[in-house]
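Please read this explanation with the sequence and the structure open beside it. The text starts at the ligand and then turns to the sheets and helices.

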Amino acid sequence: MNEQILNQINDIFSKKRNIILIPHSSPDADALGSCLALYHFFKDKNDVNIISPNEYTDILNFLPGSENVIVYDNDKEKSEDVFKNADVIFTLDFNSLGRARNLSNLISSSSAKIIMIDHHENPDNYPNIMISDSKMSSTCEMVFDFINAIDNKKIDNDIATCLYTGIVADTGSFRFPSTTSKTLKVGSELINYGVNITEIFEKLYNNFQFKRLRLLGSTISNFKKIDGLPVLYTLISEEDQIKNDFKKGDSEGFVNFGLSVTGILCSVLFIEKKDEGIIKISFRSKGDFKVNIFASRYFSGGGHEHASGGVSKLSLIETEEKFIVDIKQYLKENYE
Ligand code: 5GP
Ligand code: MN
């Protein structure tokens, strides 16, 4: 964070503020972890609320303070009241208002100062203060720097637990290429605040119902290869979800299995969401294969070079057919 931004931030928080912390819709550990870390950081001297656009996986309920998160979909009136009094809004782990889904209008029409902290590429120009760095492993790593720059004595076990969890989740436990020596240094510092790394691992990755394992099994057996291309994809239909008591977050990480196959550079997961009338798509890749451009060009999405998402309003089968045509075209144009 440069000195000018630090001065602006210190100026804003020189008196008591009404703060709203907002993660992207269907928040993951990085989005929710960064909100909760800032919640603990600011709550002694300010009025702080976290408003999530919608529900998130109950796996994340172990994060300290998560009982205070307001879910807009479940509590519209309270959320709108909170917006009326807001002085400062943080948008965390996203950089285009669309990713706040049904909260975007409340954010853009608010008179509050907007501060973005985010690590995705190509940020939109909506915030008053933009802290954006696509080289960072995670928003939680950036929030660590942010808190340290303002008051390095404030980090406690709760803040450290939230930040460590987000970093672990976004770096695949310090394995993805976004992991730098500084990321590891931040992880190491957080452990010094007493973070229980084994407990976090158990809560994040070994805390599922048996049916989720069955769903993983069927998703893996459904993987299909497109002839001649280094691409695997798989699908989860509405029926698969009903059969296996699907809950938000159950398919987290499934898409990565496609990349475990020798020679495969891109893996894709399609999930049918009948209630929203969409197919949600997850893209993962490695090496030179960049999925964010593909996701934005063909599936109204975006994200990181190696981890992106998008949506389709076609049926599951039509989406699959469209994808096969699009990916062939994309590879022909870009990699031949
Ligand atoms: P996931 O596959 O875990 O849902 O998303 C992976 C990454 O893709 C996210 O961290 C986010 O950067 C990006 N992403 C997911 N869905 C969308 C979307 O609908 N629009 C955009 N722009 N990015 C997305
Ligand atoms: Mn993130």
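In this model, the side chain of His-120 has an N or O atom 2.6 Å from an oxygen atom of ligand 1. The model is a predicted one. Ser-282 also takes part: one of its polar side-chain atoms lies 2.6 Å from an oxygen atom of ligand 1. With Gly-302 the backbone is involved, since a polar backbone atom there is 3.0 Å from a nitrogen atom of the ligand. Taken alone, ligand 1 exposes 490 Å², and the protein buries 79% of that area.

Which elements give two or more residues to the shell around ligand 1? They are S10, S11 and S12. The residues surrounding the ligand include Arg-99, Lys-280, Arg-284, His-304 and Ala-307. By type, the shell divides into one nonpolar, eight polar and three charged residues.

The strands S10, S11 and S12 belong to an open sheet of six strands, in the order S7-S8-S9-S10-S12-S11, with mixed pairing. Strand S7 (224-225) and strand S11 (302-303) are at its edges; each has a single partner strand, so one side of each is left without a neighbour in the sheet. Further in, strand S8 (residues 231-236) and strand S9 (residues 266-273) run parallel and are joined by six bridges. Within this sheet, Thr-234 stands opposite Leu-269 in S9.

Helices pack on this sheet. Helix H11 (residues 291-299) touches S9, strand S10 (278-285), S11 and strand S12 (307-312), and its direction makes about 10 degrees with that of S12. Helix H12 (residues 316-335) lies across S7, S8, S9, S10 and S12, running at about 165 degrees to S8.

Another sheet is found earlier in the numbering. It is an open sheet of six strands in the order S3-S2-S1-S4-S5-S6, with parallel pairing. Which strands stand at the edges? They are strand S3 (70-71) and strand S6 (129-132); each has a single partner strand, so one side of each lacks a neighbour in the sheet. Strand S2 (residues 47-52) pairs with S3 in the parallel sense over two bridges, and Ile-51 stands opposite Ile-70 in S3.

This sheet also has helices against it. Helix H2 (residues 29-42) lies across strand S1 (18-23), S2, strand S4 (88-92) and strand S5 (113-118), and runs at about 165 degrees to S1. Helix H3 (residues 76-84) touches S1, S2, S3 and S4, with its direction at about 135 degrees to that of S2.

Key: Residues are numbered from 1 along each chain as its sequence is written. Chains are lettered from A and ligands numbered from 1 in the order in which they are written. This is a predicted model: local features need pLDDT of at least 70, side-chain atom pairs count only at pLDDT 80 or more; totals for chains, interfaces and linings use all residues. Side-chain values use heavy atoms; hydrogens and water are left out. Two strands pair if DSSP finds at least two bridges between them. Helices (H or I, at least four residues) and strands (E, at least two) are DSSP runs, numbered from the N terminus. Contact means heavy atoms within 4.5 Å. Axes are lines fitted to C-alpha atoms, for helices over the stretch in contact, and angles run from 0 to 180 degrees between N-to-C directions. A residue is near a molecule or strand if one of its heavy atoms lies within 4 Å of it. A polar contact is a pair of N or O atoms within 3.5 Å; within protein, one must be able to donate a hydrogen and the other to accept it, and residues adjacent in sequence count only if both atoms are side-chain atoms. Accessible areas come from the Shrake-Rupley method with a 1.4 Å probe; for residues, only the protein chains shown count as cover. Ala, Val, Leu, Ile, Met, Phe, Trp, Tyr, Cys and Pro count as nonpolar, Asp, Glu, Lys and Arg as charged, and the others, Gly among them, as polar.
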